[in-house]
Amino acid sequence: MADAIHTLAERPSAPAEPKLALRDLVVMRRTASGETITATDRLTFDVAQGEFVCLLGPSGCGKTSLLNVLAGLVMPSSGEALLDGRPITGPGPDRAVLFQEPALFPWLSVLGNVELGLELTGVPASARRDIAQRWLANVLLERWADAQPHELSAGMRQRAALARALAADPDVLLGDEPFGALDAQARELLQREVQRFWVGSDDRKTFLFATHNVREATLLADRVLVMSAAPGRLLEEFRIHAPRPRDLDDVLIARVVSEIHTLLMQEVDASVAREMAR
Amino acid sequence: MVEASKSAADEQLFELALSEEEKLVLAKVADILRKIQFGTVVLVVQDGKVVQIEMAEKFRLR
């Protein structure tokens, strides 16, 4: 018993080089109407290797822009985005992204989609099939290996996308509202699977997800970073020391969800007040 | 020798006559409370024993 207590209440040890680091990051983006706006407002935070961090914030708060920078798809306007201490200059096999839309290629089978991901990261042909099949089994889709994506439900397609992302063995998994388009059951299943893979990676993999779902963030993360509305800046950080898999009905989780909701309500009120004052 | 007067806390502790296990739990809780400014600490109890301690900390960033 003493050991169990000790492990859970331990604070994270002094960090080595953070896996991901943002320093005064400012990202601009184009809106649909063509104007350029500031998506993030000098963001600074670290993500240590092996952490599961969730960025929580309203739509438009810059979460996607931030993830695009970390994925190497967009360059910052100012500030720095670092991976293992080095500036991120483009995409790479060390990072995989899970988007809200799985974006599987419709002309490839489910297995083919996972294999393509491996081909793009330079895995030799001889190894691809085995790895892809193993990962489809991991996400319980092995019987759908030869199916076309359109034959799968949304939840199954997202599981295939998860298999594709993790099969390439990235150090970092970035998720941009990855379960946002799923029904409640599929969402719950994927949340459990993601936790399982993260735990199974034994501190080797770093997960950073963006979501506007408070419960999801609290369920998944070691740390929840709450962002303001655009231009996004960090408001509060919640560090959660609770074992996984977590239950939304767990007392601690429920309390944190409640506290975050209160914070978000305050932020909405403050935001409205600012608008009215203009 | 005159015994120094006990504080209310000392008296309570004395009267409880804590077991070794109970002392360990309280020591751990005290340790946590020294480290966190804002947050929640949960003691999970089974069969009359604390089997787990969970906690969440909150940090203001702005």
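## Pairing between the chains

Two strands are taken as paired if DSSP finds at least two bridges between them. In this predicted model, that criterion is met across the chain boundary: strand 10 of chain A and strand 2 of chain B, residues 49–60, run antiparallel to each other and are joined over 6 bridges. One of the residue pairs involved can be named, since F238(A) has K58(B), in strand 2 of chain B, as its bridge partner.

The contact as a whole draws on 22 residues of chain A and 20 residues of chain B. On the chain A side, the elements that supply two or more residues are helix 1 (2–9), strand 10 (234–241) and helix 8 (251–277). Strand 10 of chain A gives the largest share of that side, 8 residues. Sorted by class, the side of chain A that touches chain B holds 14 nonpolar, 7 charged and 1 polar residues.

## Overall form of chain A

Chain A contains 8 helices and 10 strands. Its radius of gyration is 19 Å, close to the 19 Å given by the globule rule for 278 residues, so chain A is as compact as a globular protein of that length. Measured out along the principal axes, its C-alpha trace spans about 60 × 60 × 40 Å.

Of the 278 residues in chain A, 42% are buried. Among contacts in chain A with a separation of 6 or more, 70% are between residues 24 or more positions apart.

## Core and buried packing

In soluble globular proteins, nonpolar side chains tend to be buried together. The largest nonpolar core in this model has 81 residues, and the members with the most contacts inside it are L56(A), L70(A), V114(A) and A163(A). Helix 5 of chain A, residues 154–167, provides the largest share of this core, 8 residues. With residues up to four places away in sequence left out, A163(A) touches V114(A), W135(A), L136(A), N138(A), V139(A) and L141(A).

A glycine in helix 3 of chain A, residues 110–120, offers a further view of the packing: this is G117(A). G117(A) is classed as buried because it has 24 C-beta neighbours inside 10 Å, where 20 or more are required. Beyond its neighbours within four places in sequence, G117(A) is in contact with R164(A), A167(A) and A168(A). For G117(A) and A168(A), which are 51 residues apart along the chain, the C-alpha atoms are separated by 6.8 Å.

## Cis peptide bonds in chain A

Two cis peptide bonds in chain A involve a proline and lie in loops that adjoin strand 10. A230(A) and P231(A) are joined by a cis bond with omega about -10°, and P231(A) is in the loop between strand 9 (223–227) and strand 10 of chain A. R244(A) and P245(A) are likewise joined by a cis bond, with omega about 0°; P245(A) belongs to the loop between strand 10 and helix 8 of chain A.

## Overall form of chain B

The secondary structure of chain B consists of 2 helices and 2 strands, arranged as α-α-β-β from the N terminus on. Its radius of gyration is 16 Å, whereas a compact globule of 62 residues would have a value near 11 Å. Along the principal axes, the C-alpha atoms of chain B fill a box of roughly 55 × 35 × 15 Å. Buried residues account for 11% of the 62 residues in chain B.

Helix 2 of chain B, residues 20–35, has 16 residues and reaches 23 Å from its first C-alpha to its last, close to the 22 Å expected at 1.5 Å a residue. Helix 2 of chain B is hardly covered, with a count of 0 buried residues among its 16.

## Positive phi in the loops of chain B

A17(B), although not a glycine, has a positive phi of about 45°. A17(B) is in the loop between helix 1 (8–16) and helix 2 of chain B, and it counts as exposed because it has 7 C-beta neighbours inside 10 Å, the limit for that class being 12 or fewer.

D47(B) is another residue other than glycine with a positive phi, here near 50°. D47(B) is placed in the loop between strand 1 (39–46) and strand 2 of chain B. With 5 other C-beta atoms within 10 Å, D47(B) is exposed.

How values were computed. Residues numbered from 1 in each chain as written. Chains lettered and ligands numbered in written order. Predicted model: local features only at pLDDT ≥ 70, side-chain atom pairs only at ≥ 80, totals over all residues. Helix = DSSP H or I, 4+ residues; strand = E, 2+ residues; numbered from the N terminus. Expected span 1.5 Å × (residues − 1). Rg over C-alpha atoms; globule rule 2.2 N^0.38 Å. Contact = placed C-beta atoms within 7 Å. Nonpolar A, V, L, I, M, F, W, Y, C, P; charged D, E, K, R; others polar. Core = buried A, V, L, I, M, F, W, Y, C linked by C-beta atoms within 7 Å.
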